[in-house]
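Reader: I'm new to this structure and would like a hand reading it. Could we start with the cysteines and then move on to the sheets, the empty spaces and the odd backbone spots?

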Amino acid sequence: MMSKIHRFNSMILPRLPPAFSTASGTAVKPKTAIVMLNMGGPETTDQVGDYLHRIMTDRDMIQLPVQSKLGPWIASRRTEEVKKKYSEIGGGSPILKWTNSQGSLLTQALDQMLPESAPHKHYVAFRYVPPFTEDAFREVESDGADRVIIFSQYPQYSCATTGSSLNAIADFYRNRTTPANVKFSLIERWASHKLLAKVFSERIKEKLDKFDEKIRDDVLILFTAHSLPLKAVSRGDTYPHEVASTVSRTMEELGGRNPHRLVWQSKVGPLPWLQPYTDDAIKLYAKQGVKHLILVPVAFVNEHIETLHELDIEYCDEVAKEAGILQIERAEAPNVHPTFIAALADVVAGHISNGPRISKQFLTRCPHCVSQRCLASKEFFKRLCGADQNVDKIGS
C-alpha cells in the first residue's frame, strides 16, 4: 500500500531557463503564442475558498438550483475540509508548476521542429485560480504574437471543462476588440492521439513491473476519469466516448493482455452522475476476489488534488486497505514524461502544419443543447478562427 506521506513531496519538477530573453536579458517577441487551458488548482490553502466559490458558481461546470445562493453556500461549507486535503499533499496544488514545465518543454521542442513559426511561447490560462484566462490573453496581446493557438489541456472534450474555458475567452472579448492581424486557432480535443496512448501505456508498465510476474497479466487495470452528470451525458456531451477512445488506444498500445474497466471519480452534489464510481469498483472487485489493481488517471495530464489525494490517499491507502486488496498501484500522470512532451509537440506541430484552424466537431452542438451561451461561444470562435471566411488551414 502507498504511504500517506505522498510522492508529491519527492517529485522533482525540472528547473527550466526563463523563456524569451537573450544573454543580455533583452526580451524576444514570440511569433507563436500557445495558450494552455486548464481548470487550475490553489497553490496555497489561502486560495481554496475563492477556488471553490468560482467552481460552484460556474454554470458551465455544474448546474444547481438557485445557484447564486446555493453555490457559495456549498463552497463555504466545503472550504475547511478541502484545505485539510491540500495540506496533506504538501500545502497546495502542483498543477501550475507542472503546466509551466510542460509548456516550457513543449515550446523548446517546437522551436527545433518548426523554426518558421518560432519563437514559440506558452501561456497558462486557468479557469478558477490565477493566472486566469483573462490574465493570459492580456499578456498575449501585450507580447504581440502573430498567431495564437488555444490548446486545451483536457485531452477529452467536455462542455463542463474545455467548454467552460472557451466560454471564458468569449466573455473576455465580448466588449473588447480582438487583436488585428493575428491568426487564432483552436485545439480543443486530442483524446485518440497515438503518443497520448503511448505515455499512458508506459505509465502502466512502470506499475505492472511492481507485481510478481506470476500474476502480472491478471492485474486488473482500472482507468479512472472525472465523472459527469448524467444530465450532461443525455444532452450529448462527447466526453464519455472520448475518454473511452483514450482507454481503447492505450490498451492497444499495451498489448491488451490485462483485464480493464473504465470507472468514474469525483462526483459532486446529489444528482446522478456517470458510474461505476472508482471507490465502489475497488470494493466490489475485492468482494469478487480481485486482489491486485492498478488505477490509471486517464483524463488528467498532471498531478493535482484528484490524483494525489483522492486516488492515492482516499482510495489506495484507505478504501483498498479496508476492502482487503493485496496490492494496488496508481500510475503517475503524464507530467513531463518525454513521451508526453513529444505528444504535446506532435499535436501542436500537426495543427500548425495541417490545420484546420477550428474543427467541425467543435462547431457542432450537442443534439439536445438549448444553451444560448454555447451557441454564442461557438459563433464567436467561428469568427475568431476565420471559419466564417472559408479560412481552413492555420497558415491561411
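Author: Let's start with Cys-159: the closest cysteine sulfur, in Cys-366, is 4.0 Å from its own, which is too far for a bond. A disulfide is a pair of cysteine sulfur atoms within 2.5 Å. Before we go on, this is a predicted model, so local features need pLDDT of at least 70 and side-chain atom pairs count only at pLDDT 80 or more, while totals for chains, interfaces and linings use all residues. Residues are numbered from 1 along each chain as its sequence is written, and side-chain values use heavy atoms, with hydrogens and water left out.

Reader: How many disulfides does the structure hold?

Author: Zero. Take Cys-385 as well: its sulfur is 15 Å from the closest cysteine sulfur, in Cys-374, again too far for a bond. Cys-385 is buried, with a relative accessible area of 0%. Buried means under 20% relative accessible area, exposed means over 50%, and partly exposed is in between (1.4 Å probe, protein chains only).

Reader: Now the sheets. What holds strands together in a sheet?

Author: Strands of a sheet pair through backbone hydrogen bonds, either parallel or antiparallel. Here two strands pair if DSSP finds at least two bridges between them. Helices (H or I, at least four residues) and strands (E, at least two) are DSSP runs, numbered from the N terminus. One open sheet has four strands in the order E2-E1-E3-E4, with parallel pairing. Strand E2 (120-126) and strand E4 (183-187) are its edge strands, each pairing on one side only. From one strand to the next, the twist averages 20°.

Reader: How many bridges join E1 to E3?

Author: Six, between strand E1 (residues 32-38) and strand E3 (residues 147-152), which run parallel. To find one, look at Ala-33, whose bridge partner in E3 is Val-148. Helix H4 (residues 133-143) lies across E1, E2, E3 and E4, at about 155° to E2. For such angles, axes are lines fitted to C-alpha atoms, for helices over the stretch in contact (heavy atoms within 4.5 Å), and the angles run from 0 to 180 degrees between N-to-C directions.

Reader: What is the strand order in the other open sheet, the one with E8?

Author: The order is E6-E5-E7-E8, four strands with parallel pairing. Strand E6 (260-265) and strand E8 (327-330) stand at the edges with a single partner strand each, so one side of each has no neighbour in the sheet. On average, neighbouring strands of this sheet are turned by 25° against each other, direction ignored. Helix H10 (residues 305-323) packs on the sheet and touches strand E5 (220-226), E6, E7 and E8, and its direction makes about 180° with that of E8.

Reader: And where do the side chains of a strand point?

Author: In a regular strand they alternate between the two faces of the sheet. In E8, Gln-327 and Glu-329 are on one side, Ile-328 and Arg-330 are on the other, and all are buried, so both faces are covered. Four bridges join E8 to strand E7 (residues 292-297), running parallel. Among the partners, His-292 goes with Gln-327, and Leu-293 goes with Ile-328.

Reader: How do I find the empty space?

Author: Rolling a probe the size of a water molecule over the atoms shows where empty space is left. On a 1 Å grid over the protein atoms alone, a cavity is a set of points where a 1.4 Å probe fits but cannot get out, a pocket is an open set with protein on both sides within 12 Å along at least five of seven lines, and lining residues have an atom within 4 Å of a point. Grid points are joined across faces, edges and corners, and a volume is the space filled by probe spheres set on the points. The count is one cavity of 30 Å³ or more, and the largest cavity holds about 300 Å³. It has 22 lining residues, and closest to its centre are Met-39, Tyr-154, Thr-161, His-226 and Phe-300.

Reader: Which residues lie nearest the centre of the largest pocket?

Author: Asp-60, Gln-63, Cys-159, Arg-235 and Asp-237, out of 41 that line the pocket. Its volume is about 760 Å³. H13 gives the largest share of the lining, four residues.

Reader: Last one: what is usual for phi and for peptide bonds?

Author: Most residues other than glycine have a negative phi, and most peptide bonds are trans. The bond from Gln-275 to Pro-276 is cis, with omega near 5°. Val-66 has a positive phi of about 40° and is exposed, with a relative accessible area of 62%. Asn-335 also has a positive phi, near 50°, but Asn-335 is buried, at 1% relative accessible area.
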